[in-house]
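Biologist: Before I use any of the labels in this model, I would like to hear what each one rests on. Could you take me through them with the definitions in hand?

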Amino acid sequence: MERNYLSKAIVLKRQDYRENDSLVVFYTQNQGKLSLVARGTKKPKSKLVGHIEPLNLVDLMIIKGKGQDYVGSVISKEAYLNLKENLSNLHWAFLGANWLLRFSEEGGEEVDLFNLFANYLKALDKMPTDSKQAEGEILFSIFALRMMAIIGYQPQTKSCLQCRQKLEPKSHYFDLLSGGMLCPTCYFAKVAKNQEQYLKISEEGIKFLRFIFDNNLFLGKKIKINKKIAREINVLASSFLAYRL
Ligand SMILES: [Zn+2]
């Protein structure tokens, strides 16, 4: 028997499927990532096709069939047109969508991830169209690190992974493999091998990392941070994602 479910969802990806259909990957509010067949989307008169543009926030009816699950109906509620007009923001939005695709499991219920991604798109959409590359970069770093925290990889930023001492206010070393900081003493004691596994992080960078995990930065205020720190945290976030795959 077929069963129907309603959910809010964000379109992560769409590809052609069979002769007339599309295969659409949604991140749903209730059921995590779902791949559904949308029927007839390649026919000229398809009503569905405009609603399943990647990055759209939609109201979705999911039909669970015997074999494949498919889209019953879908209505786009928010297309984030402002975001889509800015190439740099579009790049950061798709990068976020791609990492979410890779890190989430099919049917893994994770409402926090849905909210995080929806807030990330909303924040990118609210940025002025002439905003600089660096502002989207900061938002991406925050999205990436908070996504990692939600799926269980929140890094330790307050004490040293090795000696457990509280970190003094100065530069320390981020261990990409273990997900946390090493104080300089412990770092220099073990650094002989796998040096690329560690990133030196400035005192200001560590403060910003803690701030990311302690606050919901997407709602409300503009984030002021200098370019060097933004770059440093972006390199850390991107490398941390790559190490965890
Ligand atoms: Zn230590």
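The conversation below sets the labels against their definitions.

Modeller: Please keep in mind that this is a predicted model, in which local features need pLDDT of at least 70 and side-chain atom pairs count only at pLDDT 80 or more, while totals for chains, interfaces and linings use all residues. Residues are numbered from 1 along each chain as its sequence is written.

Biologist: How many helices and strands are there in the protein, and what makes a run of residues a helix or a strand?

Modeller: The protein has seven helices and nine strands; these are DSSP runs, H or I over at least four residues for a helix and E over at least two for a strand, numbered from the N terminus. The C-alpha trace spans about 65 × 40 × 25 Å along its principal axes, and 34% of the 245 residues count as buried, a term that requires 20 or more other C-beta atoms within 10 Å of the residue's own, with 12 or fewer for exposed, partly exposed in between, and C-beta atoms placed from the backbone.

Biologist: Why are α2 and α3 called roughly antiparallel?

Modeller: The axes of α2 (residues 87-103) and α3 (residues 111-126) cross at roughly 170° and come within 10 Å, where axes are lines fitted to C-alpha atoms, for helices over the stretch in contact, and angles run from 0 to 180 degrees between N-to-C directions. Angles over 145 degrees count as roughly antiparallel, under 35 as roughly parallel, 65 to 115 as roughly perpendicular and the rest as oblique, and α2 and α3 are therefore roughly antiparallel.

Biologist: Which residues make the contact between α2 and α3?

Modeller: On α2 they are N89, W92, A93, G96 and L100, and on α3 they are L113, F117, Y120, L121 and L124, a contact being two C-beta atoms, placed from the backbone, that lie within 7 Å.

Biologist: How do you know that α3 has the span expected of a helix?

Modeller: The expected span is 1.5 Å times one less than the number of residues; for the 16 residues of α3 that gives 22 Å, and the end C-alpha atoms are 22 Å apart, so the two agree. The buried residues of α3, among them F114, L116 and A123, pack against β1 (3-17), β2 (21-28), α1 (81-84), α2 and α4 (133-150).

Biologist: What makes β2 largely enclosed by the rest of the structure?

Modeller: Six of the eight residues of β2 are buried, so β2 is described as largely enclosed.

Biologist: How do you know that β2 pairs with β1 and is joined to β3?

Modeller: Pairing requires that DSSP finds at least two bridges between two strands; β1 and β2 have eight, in the antiparallel sense, with K13 opposite V25, while seven bridges join β2 to β3 (residues 32-38), also antiparallel, where A38 is the bridge partner of S22. β1 and β2 form a hairpin with three residues between them, and R18 in the turn has a positive phi of about 50°; β2 and β3 are likewise joined by a hairpin through three residues.

Biologist: Why are β6 and β9 called edge strands?

Modeller: Four strands form an open sheet of mixed pairing in the order β6-β8-β7-β9, and β6 (156-160) and β9 (198-201) each pair on one side only, as an edge strand does. Within this sheet, β7 (residues 172-175) and β8 (residues 180-182) pair in the antiparallel sense over three bridges, and F174 stands opposite M181.
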